[in-house]
Amino acid sequence: MSTFGLEKAFAPKRVAVVGGSPRPGSIGLIVLQNLVKGGFAGEIAVVNSRHDSIGERKAYPNLKALPFVPDLIVITTPAPSIPEIILQAGELGVAGAVIISSGLGHGPGSIAEAVEQTARAHKLRIVGPNCLGIMLPGIGLNASFAARHPTQGSLALISQSGAIAAAMVDWGAEKSVGFSGIVSIGDQLDVDVADLLDYFALDNKTRAILLYVEAVTDARKFMSAARAAARLKPVVVVKSGRMAQGAKAAATHTGALAGSDAVYDAAFRRAGLLRVLDLRELFDCAELLGRHVRAPDGKRLAVLTNGGGLGILAVDRLVELGGVIAPLTSATTAKLDAALPATWSRADPIDIAGDADAARYLAALDILLADNTSDAVLVMNVETAVASAFSIAEAVAERVKAARAQKYSTPKPVLAAWVGTDQSVAPIFDKAGIPHFQTEDDAVRAFMHLVKHREATEALLATPPDVSSLFAPDVDAARKIVGNALRDGRAWLDPIEIAGLFKAYAIPMVPTVAAESPDEAVTKAEPFLAQNLAVAIKILSRDITHKSDVGGVVLGLTTRDDVRGAAASVMANAKRARPEARIEGVMIQPMIVRHGARELILGIAEDPTFGPVIAFGRGGTAVEVINDKALALPPLDMNLACDLVGRTRVSRLLAAYRDVSAVPPDAVPLTLVKLSQMAADLPEIHELDINPLLADQNGVLALDARVGIRAPATPSAGRTRFAVRPYPTEWERQLQLKNGWKVCVRPMRPDDEPAIVRLLQNVSPEDLRLRFFHSVKEFSHQFVGRLTQLDYARAMAFVALDPMSKEIIGVVRLHSDSRHETAEYAILLRSELKGKGLGWALMQLLIEYAEAEGLKSLYGEVLNENTTMLEMCRDLGFKVTGDPEERRLSAVSFDLKAAANNVSGRRAR
């Protein structure tokens, strides 16, 4: 249900505690006391059938006896009583319930199931059960049993653990960091992580979101919400269970490499979330985000310190984490020479000596703040008897505040680390809004968190290159191969079928031929031997996955007799090792010798939560031992594929070194994109290994591969097993307009950004004003990127292409609400093409798509002066009404269910 109902439940004017108790130490009493002490200005009532009053507050026997209908109820009663409470609340129209109680059970027949069904029937939102509660400091609402009250601020915390939420409240109170909201979600019977990401992403009181996750249950919903939230504000996540064992019994190397935490890491990365590994790092991120520190423009950090050893430790950690020490240019050195005594280090890090006082710190800091060769400054201090650490902190804080106050200045971030100093300096930095840390390690890690967040945000909006001209898969041929194997009742493709599959997706593979006997093997090997190529003999069996494990591989054969003997040997070995296996014969491959070729592994694995995962890393027989791998969620574009490659150690070997030439930069990423497309086109593939894939200056070549298949569960219309919904090729089509004009229409892609800019440039300023409700003069990457980077699970945009120029001439789009029931639409055409039927055809297509998606209605807002659009809406069957809040607008809506019976009439126009 996502954010439905949360607006009212999280902004209540009336709250009731069901189970409020007079017993000291009881959760019911603590929740009631927290509500009162938190400063909630609305009405508070207590429900308890055993007591007439709780303290000085009257108690009511049930919800129906209350003098008002609460917006939110907090339940602390025993589990068996809760279904009846939820039923009463639903009948009264209560918006939300926080169930702190535990013991509701799970699954069919449980109390939890009864509560969920009743709440859903009455559209009542449930937080919990088994949770700490919710805290919304902005309205003084503390509906929890936390020991302390959070202060108001701009951080939202979503936690699957009540203990973590309570710890964050305590930490925030100690550090003077405030929160816009804290929600402990417990068992997630209804409201889950994705719902709250959607809610806080649009909450104007929230600047950043902190997330504690133990497990994700609905990957598609989570990924959509996380990607949407990360585009708007920083989202930091810490996940427990990092050491949990992944796929223990995988049949392929790829499956063995794809452990559960590695997949979560890939999912967080794809969503643009900043992952940290523990609470200490989460606190550090909260320290940064709670101080409203902006992300640096790059990863160059200037380090200013009064202790040389401390500075070197900071630089070591910075480089280890991927940061860069800011270069000390000759110009900057000259300025520092003029401002500092000769004892300063004259090198990175900038050590101004142990006797440095506040004046020396400020002299150096002023130069570093103005220096354009750094992106942030870390100021560190080790307390000495010569200069007061307290007075230095005061001076630094005042100087940073003054720099921020400059009217036209956007000063670079400044971080502080006062090492070994009494905590009396902490309030100085807190008051100045400067993030401060107890060690150089914490400070440097915090800086790199800022860098990684900026990089993640940029990656979300990066425009990928178009690969459609580089390869066009023969999907029909591939489906035929897989279909034939499934009809044979097989779980694995044989090598000959794999060669055909790879040919369909333009993945180069070593020539492979099959032979049923040693004599036939000689005949099949002769063409290779004639070219002075050695050959390899491998067992051909659909029941044997790892050939070398059964003595089923012989390499380097150069004569007919060698081939005959090897074929007989591997067949005998396989029969002896696996007597139950079906032996079809052997396959013959030429031995490929490529000087300097790198052995890689690429593959597809199936994760039970996130679906298909693409793996890449160092290949060969010791692939699990080396464990140099990275994972990514498909679908992949070239940017994502390049990022996947770059996260491995072997990626450094793809460049030129010594007498070894570089691998073409796009060769490996493009192969990964092809695998991603294969996973989208062929849901039957659940495991795939290419190991090794040779890569050298000539490109890539697959030497061996395994492909596991199984019949997929039939997905519902428009749904796939991908956590990130792939490009919907099934909606590509041709539309015929007036006078027989035909245009190509397809879903929008991220690489359409340049074409969308050209479209906007060919729309008159007046038409742009009618579309966006204000004048639009600049088309920035950020502006256009938000139009083209679609989450197909929530939004769709169709682009119409001129058949001659292939330029985009029109766009129609919709974006569904969080419940996937209603969607807002918009349309834009090149100005000179209005009146040719293009808008009508695109709107018909959009309505068809909305119906296929199961949406219930379309709606939009149209300026009253846009009479052409309003006329088309009426002709299409939209209801047009005045907007009660904005008189210059008309609200238009289309009931998709009511129109379903009249589809043919509408399409005939």
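**Close-ups of salt bridges and cavities**

Lys 834 is partly exposed, with 45% relative accessible area. This is a predicted model, and the views below go through some of its salt bridges and cavities.

**View A. Lys 834 pairs up with Asp 767 in a salt bridge.** The closest N and O atoms of the two side chains sit 3.0 Å apart. Asp 767 belongs to helix 25, while Lys 834 is in the loop between strand 35 and helix 27 (838-852), so the bridge ties together parts that are 67 residues apart in sequence. Unlike partly exposed Lys 834, Asp 767 counts as buried, because its relative accessibility is 11% and the cut-off for buried is under 20%.

**View B. Seven charged side chains hook up into one network.** Salt bridges with shared partners join Arg 280, Glu 281, Arg 317, Glu 320, Asp 441, Asp 442 and Arg 445. Across the model, the salt bridge count comes to 49.

**View C. Arg 125 and Asp 190 meet in a salt bridge.** Here the N to O distance is 2.8 Å. The partners come from distant parts of the chain, 65 residues apart: Arg 125 is in strand 7 (residues 125-127), and Asp 190 is in the loop between strand 11 (179-184) and helix 6 (193-201). Arg 125 counts as buried at 1% relative accessibility, and Asp 190 counts as buried too, at 13%.

**View D. Asp 643 forms a salt bridge with Arg 647.** Their closest N and O atoms are 3.1 Å apart. Asp 643 is partly exposed at 30% relative accessible area, and Arg 647 is partly exposed at 27%.

**View E. The largest cavity has a volume of about 150 Å³.** Of the 16 residues lining this cavity, Leu 493, Ser 541, Ile 544, Thr 545 and Lys 547 are the closest to its centre. Helix 18 (495-504) and strand 30 (705-709) each chip in at least two lining residues, with strand 30 giving the largest share, three residues. By class, the lining has eight nonpolar, two polar and six charged residues. A search of the whole structure turns up six cavities of 30 Å³ or more.

**View F. The second largest cavity comes in at about 110 Å³.** Its lining has 10 nonpolar residues, no polar ones and two charged ones. Among the lining residues are Met 748, Phe 772, Arg 771, Arg 813 and Leu 828. Helix 24 (753-761), helix 25 (765-772), strand 34 (808-816) and strand 35 (822-829) each supply at least two residues of this lining.

Conventions: Residues are numbered from 1 along each chain as its sequence is written. This is a predicted model: local features need pLDDT of at least 70, side-chain atom pairs count only at pLDDT 80 or more; totals for chains, interfaces and linings use all residues. Side-chain values use heavy atoms; hydrogens and water are left out. On a 1 Å grid over the protein atoms alone, a cavity is a set of points where a 1.4 Å probe fits but cannot get out, and a pocket is an open set with protein on both sides within 12 Å along at least five of seven lines; lining residues have an atom within 4 Å of a point. Grid points are joined across faces, edges and corners, and a volume is the space filled by probe spheres set on the points. Helices (H or I, at least four residues) and strands (E, at least two) are DSSP runs, numbered from the N terminus. Ala, Val, Leu, Ile, Met, Phe, Trp, Tyr, Cys and Pro count as nonpolar, Asp, Glu, Lys and Arg as charged, and the others, Gly among them, as polar. A salt bridge is a side-chain nitrogen of Lys or Arg within 4 Å of a carboxyl oxygen of Asp or Glu. Buried means under 20% relative accessible area, exposed over 50%, partly exposed in between (1.4 Å probe, protein chains only).
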